[in-house]
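Dear colleague,

I am handing over the structure below, together with some notes on its aromatic side chains. Please read them alongside the coordinates when you have a moment.

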Amino acid sequence: MEGAESPAGPGPGPVGTGDDDDDHDQDQDQERESRQSAQLDAEAEAEAERPQQKLLRLPLSRIKGLIKADPEVTLASQEAVFAIGKAAELFVEVIAKDAYTFALQAKRKTIQRKDLDNAVDAADEFAFLEGTLE
């Protein structure tokens, strides 16, 4: 069978040299990387298009109601409502973690009022709350 072509047609070289396999592996790696990059781009784009309300755990309508309760505020943009909501979430998260630390020190898993009082007293950033929980 010397000089005969393989059923797939003329090949670039003898089988088993590894050159074709390396090129094929590189092509597959590049394809995989481009698919992953495209997927990440699509996820980032979907995240950017997602409504702001999905990024908050607090309902925007409640935040708007709190803002409207202040007689000095006449108008608040959607962005301002979102920013205030996000700040409120972060505030609640931080003070809850601090209070939970005090609950754990008392060998409890449930936060009690005294844990919040201790968190407020312990951190300077919560000094503005002193006396408000009484």
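Phe 126 is buried, since its relative accessible area is 3% and the cut-off for that class is under 20%. Please bear in mind that this is a predicted model, and that the values here are computed from it.

The ring of Phe 126 takes part in one of the 2 aromatic pairs that a search of the whole structure finds. Its partner is Phe 91, and the two rings meet edge-to-face, with 6.0 Å from centre to centre and 80° between the planes. This pair links distant parts of the chain, as Phe 91 belongs to helix α3 (residues 78–105) whereas Phe 126 lies in the segment after α4 (113–122), 35 residues apart. Phe 91 itself is partly exposed, with a relative accessible area of 32%.

Phe 91 also pairs with Phe 128, and here the ring centres are 6.2 Å apart while the planes stand at 45°, so this pair is tilted. Because Phe 91 is in helix α3 and Phe 128 is in the segment after α4, the pair ties together parts that are 37 residues apart in sequence. Phe 128 is exposed, its relative accessible area being 57%.

Taken together, the ring pairs join Phe 91, Phe 126 and Phe 128 into a cluster, in which Phe 126 is buried, Phe 91 is partly exposed and Phe 128 is exposed.

With best wishes

Methods
Residues are numbered from 1 along each chain as its sequence is written. This is a predicted model: local features need pLDDT of at least 70, side-chain atom pairs count only at pLDDT 80 or more; totals for chains, interfaces and linings use all residues. Side-chain values use heavy atoms; hydrogens and water are left out. Rings of Phe, Tyr and Trp (its six-membered ring) pair if their centres lie within 6.5 Å; planes under 30 degrees apart count as stacked, over 60 as edge-to-face and the rest as tilted. Helices (H or I, at least four residues) and strands (E, at least two) are DSSP runs, numbered from the N terminus. Buried means under 20% relative accessible area, exposed over 50%, partly exposed in between (1.4 Å probe, protein chains only).
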